[in-house]
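Me: Please take a close look at one part of this structure, the surface patch and the residue at its end, and then set beside it whatever helps to contrast exposed with buried positions.

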Amino acid sequence: MTHAAVEKPMNMPHSPLLTVDRGTCYVLFAYNVGRSLDLDAAERRVTAIKERSRIKHNRRAPSYFDFSPAPLRMTQEIEPLTIGGYRTSSGVDLLLYDFGAVSVTYSLPIEGAFAHLLSLSLDLYENALLLADSRRQVDELIRALEDAVERPYIDDAVEDFAIFHIEASTPADWRERLTMDHAQAIAQMLRSEAQVLAEEEVRDAVAQQICFGTDDVTVIDWNAALVVGREMDDVRAVLEFANVELLEMRLLDKQLDQSLDQAYDALSKRQWNRMRLPGTFHTDVRSIARLQVDSAILFERVTNTLKLLGDQYLARVHRLVSQRFHLESWDASISRKLQTLESIYGKMTDNAATKRAEVLEWIIIVLIAVSIAVSFLPGSPGH
């Protein structure tokens, strides 16, 4: 995810002292590893700690609210990695989705002055160590899963996102004055900016925020989110899925661009070539149909994996992060391209049908001409 360049040192404006007593920074990396994942087969093959991901409902919600199907969560032991003045935990979480995506999560315990989190944010921006290690984790995972992955291929594209989760702080009631007293510090942390930001930029960075009770708040930006409160696993799960969703939308949009180029080439090269025999369109038509079906299936899998209708609060969280990630624009673009691909497929099938009809007409004409010619040959009946 992109944002402005960073520079040090930071010139922080004065704000009331805030101390993080207990918290965790979660660093997420989303990868696409294939067309689809057989989660049951993957669960049987992997020997690491694993559990099916279920959102923990700490609010009133119908029992049917959940992932469908449930992703597979695994924890792999690693040597702690040093990021600036912080160290990751000894385990990395990998969350596998049936539509071929994997989310890798590193956890860094945080405590101390809130202002110090900006340094961590700066260190996390395009961190080569975490990026390389996450890629290695995914490579090893795919090798271990073997044929549980359909069409295995790890795309170079990756989406990263950081979640700063504060469970306890001093003073404990600072949330009520969040945007007034700490907006500048939060905006710089979320955007990994060492320089003091303009008021307009600060307002934009902290604009997407939501609270459920008096003791929690979530502020969502493009590159990171601040989550304050206890038992916020459900919110983190929604943010994690949205990061994966963004990656899949980007890749699907790119895939459709390539499919449209192939379809245009096939249509323009063959549309008016009347010297070809019937059936020469079939290979291209089947190829376009396969591209169309694969794209539509992936689109439906991604958009229908997480059901949020049962919990209005989490639905609003997803709506906020969708707005920040512009997921609706990606959805609209993909839907448009799917319709265009459908239109091209229709034109190609129509052309193939027209070609067959023309050839059949010529066959009939030739047969009639032959039958007439044969009747004039010596020895033919009626001659």
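Reply: In this predicted model, Ile 364, Ile 368, Ile 372 and Phe 376 together make a nonpolar patch of about 420 Å² on the surface. Phe 376, one of these residues, is placed in the segment that follows helix H10, which covers residues 327-375. Phe 376 counts as exposed because its relative accessibility is 59%, and the cut-off for that term is over 50%.

Helix H9, residues 312-325, offers a contrast in burial: 10 of its 14 residues are buried, so H9 is largely enclosed by the rest of the structure. Among the buried residues of H9 are the aromatic positions Tyr 313 and Phe 325, together with Leu 314, Val 317, Leu 320 and Val 321, and the list also includes His 318, Ser 322 and Arg 324. From the first C-alpha to the last, H9 reaches 20 Å, which is close to the 20 Å expected for its 14 residues at 1.5 Å a residue. After H9 comes His 326, where phi is positive, with a value near 60°.

A further buried position lies in a loop, namely Asn 127, found between helix H2 (117-124) and helix H3 (128-145). Asn 127 counts as buried because its relative accessibility is 13%, where the term requires a value under 20%. A polar atom of the Asn 127 side chain lies 3.1 Å from the backbone nitrogen of Leu 129.

Terms used. Residues are numbered from 1 along each chain as its sequence is written. This is a predicted model: local features need pLDDT of at least 70, side-chain atom pairs count only at pLDDT 80 or more; totals for chains, interfaces and linings use all residues. Side-chain values use heavy atoms; hydrogens and water are left out. Patches are made of residues with over 30% relative accessible area and no salt bridge: like charges are joined within 9 Å, nonpolar side chains (Val, Leu, Ile, Met, Phe, Trp, Tyr) within 5 Å. Accessible areas come from the Shrake-Rupley method with a 1.4 Å probe; for residues, only the protein chains shown count as cover. A salt bridge is a side-chain nitrogen of Lys or Arg within 4 Å of a carboxyl oxygen of Asp or Glu. Helices (H or I, at least four residues) and strands (E, at least two) are DSSP runs, numbered from the N terminus. Buried means under 20% relative accessible area, exposed over 50%, partly exposed in between (1.4 Å probe, protein chains only). The expected span of a helix is 1.5 Å times one less than its number of residues. A polar contact is a pair of N or O atoms within 3.5 Å; within protein, one must be able to donate a hydrogen and the other to accept it, and residues adjacent in sequence count only if both atoms are side-chain atoms.
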